[in-house]
Amino acid sequence: MKTFKNFIGGDWVPPISGEYFENRNPADVSDEVGRFPLSTANDVDRAVESAKRGFELWRATPAPARGDVMRRIGDLMVKRKEEIADLMSREMGKPLTETRGDVQEGIDTAYYAGSEGRRLFGHTVPSEMKNKWAMSFRRPIGVCGIITPFNFPMAIPTWKMFPALLCGNACIFKPAEDVPHTGHVLVEIMVEAGLPPEVIQLVHGVGESVGAAIVNHPGIPVISFTGSTETGRIVGETCGRMHKRLSLEMGGKNAMMVFNDADLDLALEGVLWGAFGTTGQRCTATSRLLIQDRVHDELLSRLVEKTKSLKLGDGRKKGTDVGPLINQSAVDKVEKYVDIGQSEGADVLTGGRRPQGKGLDNGYFFEPTIFGRVRAGMRLEQEEIFGPVLSVIRFRDTDEAFAINNDVKYGLSSSVYTRDVNVAMRAMNELDTGITYINAPTIGAEAHLPFGGVKQTGNGHREGGWEVYEFYSETKVGYLDFSGALQRAQIVNYLGTPD
Ligand code: NAD
């Protein structure tokens, strides 16, 4: 089995502890991907010392030149797209069509960042005074701690690191321990593309040690975290105490609402993709399906039939619709929620079990599961399961559907299927989520638009698009007075008379 290293101080180095953890294929646990460093706080200390040097060099590099490096990273990702998709499916489980999309999102993010190097706009505004200029511009902040989840092993690290780097910061990257191989390849590409080595540091390891050491390190003023709301709370408490700049992207409990007038064929296709894509392990996964009275029975019975025909299997094999869950504790969690749902009085209409045989015994597979007769307020309906479990709820009218959608602690994504423009526009205005789709499922974000959620999904920042550049840069304002006189703002006006 191959042994991988950290990337610290401009070199591939073993962890100081000399210890490693194993990374295995979730579709077949006898397939070992590699051994990765079980790093500790000591490795993080070394990474911070090096990243500080990298930052000084990189901040002095003109932004358009930083953008050129981002573009070259994108070019290399294009070249290696198929290889990365394959190794990502192997270590993470989702089908190749999805891992290709994951890489493509990274490519799109690289090219967007490349072009941002020639913008990175500030403002020039008129001053209140004569012969005085007023302007704002962007400055980098320092070393950024990048902590990412397992479900988008390439896209999410790029969403964070490419804008951070384009703004002139250095990064210390800790990938989720279930997907270290993709993280390794990403850093390999960044270095090959010409990023000065000390600007990026890769420290593998588990969240409670390496992740916590990054969050607690006084030399890292910026933390960007994507993961569960529970972990985000721990990260947020520390960052609040230490006055760090923090971006949190956390859990979701997203609903699709299908109205009586909807195109049911379209809705059916959408919910299958939204609920069972990535085996339900997306922050934007459709985990609640709200169906209006008149079409409830028809859509539900068609959905159950279609779901039964989904093919579980190794994501790298042709014909696989749904891959495995990420690990044993994910399987245990899904099983626990199946029990909870049944004890709350909901009905398992299909799935609800680990599959037997068919070459699936060696992996973390779980049957795509649909619960009927779910009522608003049940734990099944309120809590994030992060697996292939869909709760179906009947509703009467728009007010009721929107109230059910909004009555959860999360607020990431929502989706409405209707032909009524008034309902569609009301959805845009009234649904308490960071994203609303009309006639499309709850998933499908594009890299050049802001991405994030409200309530306990996020803390007000966004990834992607133009907004993420606000997070990774500090706004500075400059005033230039060339009047040759003392001009007192708010005391004397432009005519020289008291205000
Ligand atoms: P997780 O919270 O278990 O882990 C996320 C990362 O945090 C990992 O790298 C982990 O090692 C690290 N970590 C764990 N404990 C830590 C600690 N004490 N201090 C610092 N870091 C620590 O999440 P996961 O299981 O990898 O991912 C699933 C979760 O991520 C779901 O809740 C999902 O909704 C969420 N997610 C959100 C978005 C979004 O953009 N809103 C996107 C993807 C996933």
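**Hidden spaces and sheets**

Visitor: How does the lining of the second largest cavity divide into nonpolar, polar and charged residues?

Guide: There are 7 nonpolar, 3 polar and no charged residues in that lining. Ala, Val, Leu, Ile, Met, Phe, Trp, Tyr, Cys and Pro count as nonpolar, Asp, Glu, Lys and Arg as charged, and the others, Gly among them, as polar. The lining is made of Thr 109, Tyr 112, Ala 113, Trp 159, Pro 163, Ala 447, Gly 464, Gly 465, Val 468 and Tyr 469. Thr 109 and the two Gly therefore go in the polar group.

Visitor: Which elements give two or more residues to that lining?

Guide: Helix H4 (96-116), helix H5 (155-166) and helix H15 (468-471) do, and H4 gives the most, with 3 residues. One thing to know: this is a predicted model, where local features need pLDDT of at least 70 and side-chain atom pairs count only at pLDDT 80 or more, while totals for chains, interfaces and linings use all residues. Residues are numbered from 1 along each chain as its sequence is written, and side-chain values use heavy atoms, with hydrogens and water left out.

Visitor: What makes a space a cavity?

Guide: Rolling a probe the size of a water molecule over the atoms shows where empty space is left. A cavity is a set of points, on a 1 Å grid over the protein atoms alone, where a 1.4 Å probe fits but cannot get out; its lining residues have an atom within 4 Å of a point. By this rule there are 4 cavities of 30 Å³ or more.

Visitor: What volume does the largest cavity have?

Guide: About 100 Å³, and the second largest has about 60 Å³. A volume here is the space filled by probe spheres set on the grid points, which are joined across faces, edges and corners. The lining of the largest cavity divides into 6 nonpolar, 6 polar and 4 charged residues.

Visitor: How do you know which strands are the edge strands in the sheet of 7 strands?

Guide: Strands (E, at least two residues) and helices (H or I, at least four) are DSSP runs, numbered from the N terminus. Two strands pair if DSSP finds at least two bridges between them. The order in this open sheet is E14-E15-E16-E13-E12-E18-E19, with mixed pairing. Strand E14 (347-350) and strand E19 (435-438) each pair on one side only, which makes them the edge strands.

Visitor: Why do E14 and strand E15 (residues 369-372) count as a pair?

Guide: The rule asks for at least two bridges. E14 and E15 have 3 bridges and run antiparallel, so they pass. Val 348 stands opposite Phe 371 in E15.

Visitor: What lies across E14, E15 and strand E16 (389-395)?

Guide: Helix H11 (residues 328-343) does, running at about 20° to E15. Angles run from 0 to 180 degrees between N-to-C directions, with axes fitted to C-alpha atoms (for helices over the stretch in contact), and contact means heavy atoms within 4.5 Å.

Visitor: In what order do the strands of the open sheet of 3 come?

Guide: E5-E6-E21, with antiparallel pairing. Strand E6 (residues 132-139) and E21 pair over 8 bridges, and Trp 133 stands opposite Leu 480 in E21.

Visitor: Why does the radius of gyration of the protein chain agree with a compact globule?

Guide: The radius is taken over C-alpha atoms, and the globule rule is 2.2 Å times the number of residues to the power 0.38. With 499 residues the rule gives a value near 23 Å; the chain has 25 Å, so it agrees.

Technical notes: 1 Å grid on protein atoms, 1.4 Å probe; cavity = no way out; pocket = protein on both sides within 12 Å on 5 of 7 lines; lining within 4 Å.
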